[in-house]
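Work through the exercises below with the structure in view. Each task is followed by a solution in steps.

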Amino acid sequence: MRKLLGYLFTPIHYFFFGLVLCLFHPVQWISLKLGGSEAHKKSVDLMNLFLVGTYFILGSRIRFTNKFDLPLNRPIIFISNHQSMYDIPPLIWFLRKYHAKFISKIELTRGIPSISFNLKYGGGANIDRKDSKQAIAEILKLGERMKHQNWSAVIFPEGTRSRDGKLKPFAVGGVATLLKRCPDALIVPVAIKGSWKFVQYGAFPLSFGEKMSWTVLEPLENTGGPLEEMVLRVEGAIGQKLKAES
């Protein structure tokens with residue numbers, strides 16, 4: 001039934017998803033030119049609110065939970081598992097007050113309305129996975145911006161999306177690179193559950209009526225100890241949360 005309803009409602013979802021991207025491309029351009037980076041950010045936040053709204057066309061149920069009073073006056077590294085591209089708009093919208101930036105593939109900076117514009121001018125890190133020196137340099141620059149502007153970053157240390165919801169081993173490299181330039185950043189795990197089911201049949205049809213959740217877990221301080229141990233703690237906390245909700 002979820003697949004059958006997906007055939008009916010996926011085209012409607014894609015129509016409105018694409019419409020939002022096309023409409024907000026000139027909105028972002030105008031916001032950036034007339035209001036600078038702050039106005040551009042607000043336009044991106046609003047765009048992602050509308051993108052999240054398109055999930056409901058497919059009967060999705062979305063829950064974002066944050067029981068922690070996270071600071072606004074220091075950088076944060078949000079470390080999350082990654083299940084689909086649909087993870088990202090809710091993270092941008094619900095974490096908007098923390099100025100969260102993303103590490104993205106450089107290929108995405110071309111050809112996608114709104115998304116490519118935001119990646120070019122939004123202040124994140126656009127990396128070439130075939131060029132490790134360029135990738136490290138970009139992440140270091142993001143760390144510098146985080147330190148000086150109290151920005152935050154979202155990082156997916158699994159490397160690739162989990163197609164079945166099972167947690168992949170976390171790599172430490174990206175987190176370590178950010179902390180080289182921004183050692184005072186607070187480490188905050190985020191557990192994402194259920195978004196892989198949204199795309200379990202591929203890009204078409206999307207699955208109808210799926211439950212998806214984003215849960216902020218207990219923050220960790222960077223104590224200067226082995227980063228591998230800290231990333232393992234984050235991985236364990238996210239894995240435990242996913243199992244608890246199975």
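**Exercise 1. Place strand E2 among its neighbours.**

Task: Find which residue of E6 stands opposite Ser-80, then work out how E2 pairs with E6 and E5.

Solution.
- Step 1. Opposite Ser-80 lies Val-190 of E6. The model is a predicted one.
- Step 2. E2 and strand E6 (residues 186-193) run parallel and are joined by 5 bridges.
- Step 3. E2 also pairs with E5 in the parallel sense, over 3 bridges.
- Step 4. Within that pairing, Ile-77 faces Ala-153 of E5, and Phe-78 has Val-154 as its bridge partner.
- Step 5. E5 pairs in turn with strand E3 (residues 100-105), again in the parallel sense and over 3 bridges. Here Ala-100 stands opposite Ser-152 of E5.

**Exercise 2. Buried or exposed?**

Task: Decide whether the residues of strand E2 (residues 76-80) are buried or exposed, and do likewise for the residues named in E5.

Solution.
- Step 1. A residue counts as buried under 20% relative accessible area.
- Step 2. In E2, 5 of the 5 residues are buried, so the strand is largely enclosed by the rest of the structure.
- Step 3. Ile-76, Phe-78 and Ser-80 point to one side of E2, while Ile-77 and Ile-79 point to the other, and all are buried.
- Step 4. In E5, Ser-152 and Val-154 point one way and Ala-153 and Ile-155 the other way; all of these are buried as well.

**Exercise 3. Trace a salt-bridge network.**

Task: Starting from Glu-144, state which residues are joined with it into one network by salt bridges that share partners.

Solution.
- Step 1. Side chains of opposite charge can pair when their charged atoms come close.
- Step 2. Glu-144 forms a salt bridge with Lys-147, at 3.9 Å from N to O. Both are in helix H4 (residues 132-149), and because they are 3 residues apart, about one helical turn separates them.
- Step 3. Glu-144 also forms a salt bridge with Arg-181, at 3.2 Å from N to O. This pair links distant parts of the chain, since Arg-181 is in helix H5 and Glu-144 in helix H4, 37 residues apart.
- Step 4. Shared partners therefore join Glu-144, Lys-147 and Arg-181 into one network of salt bridges.
- Step 5. Each member is partly exposed: Lys-147 with a relative accessible area of 39%, Glu-144 with 26% and Arg-181 with 30%.

**Exercise 4. Examine a pair inside helix H1.**

Task: Describe the salt bridge of Asp-45 and Lys-41, and say whether its two residues are buried or exposed.

Solution.
- Step 1. The closest N and O atoms of Asp-45 and Lys-41 are 2.6 Å apart.
- Step 2. Both residues lie in helix H1, 4 residues apart, which is about one turn of the helix.
- Step 3. Asp-45 has a relative accessible area of 10% and is therefore buried; Lys-41, with 14%, is buried too.

**Exercise 5. Read two surface patches.**

Task: Name the residues that make the nonpolar surface patch and those that gather in the patch of positive charge.

Solution.
- Step 1. Ile-12, Phe-15, Phe-16, Leu-19 and Leu-23 make a nonpolar surface patch of about 460 Å².
- Step 2. One of them, Phe-15, is in helix H1 (residues 2-55) and counts as exposed because its relative accessibility is 51%.
- Step 3. The positive patch gathers Lys-105, Arg-129, Arg-161, Arg-163 and Lys-168.
- Step 4. Lys-168 sits in the loop between strand E5 (152-155) and helix H5 (173-181), and is partly exposed at 31% relative accessibility.

Technical notes: Residues numbered from 1 in each chain as written. Predicted model: local features only at pLDDT ≥ 70, side-chain atom pairs only at ≥ 80, totals over all residues. Heavy atoms only, no water. Patch = residues over 30% accessible without salt bridge, like charges linked within 9 Å, V, L, I, M, F, W, Y side chains within 5 Å. Areas by Shrake-Rupley, 256 points an atom, 1.4 Å probe, with all protein chains shown as cover. Salt bridge = Lys/Arg side-chain N within 4 Å of Asp/Glu carboxyl O. Lys, Arg positive; Asp, Glu negative; His and termini not counted. Charge placed at Lys NZ, Arg CZ, Asp CG, Glu CD. Helix = DSSP H or I, 4+ residues; strand = E, 2+ residues; numbered from the N terminus. Buried < 20%, exposed > 50% of the residue type's maximum accessible area, 1.4 Å probe, protein only. Pairing = 2+ DSSP bridges.
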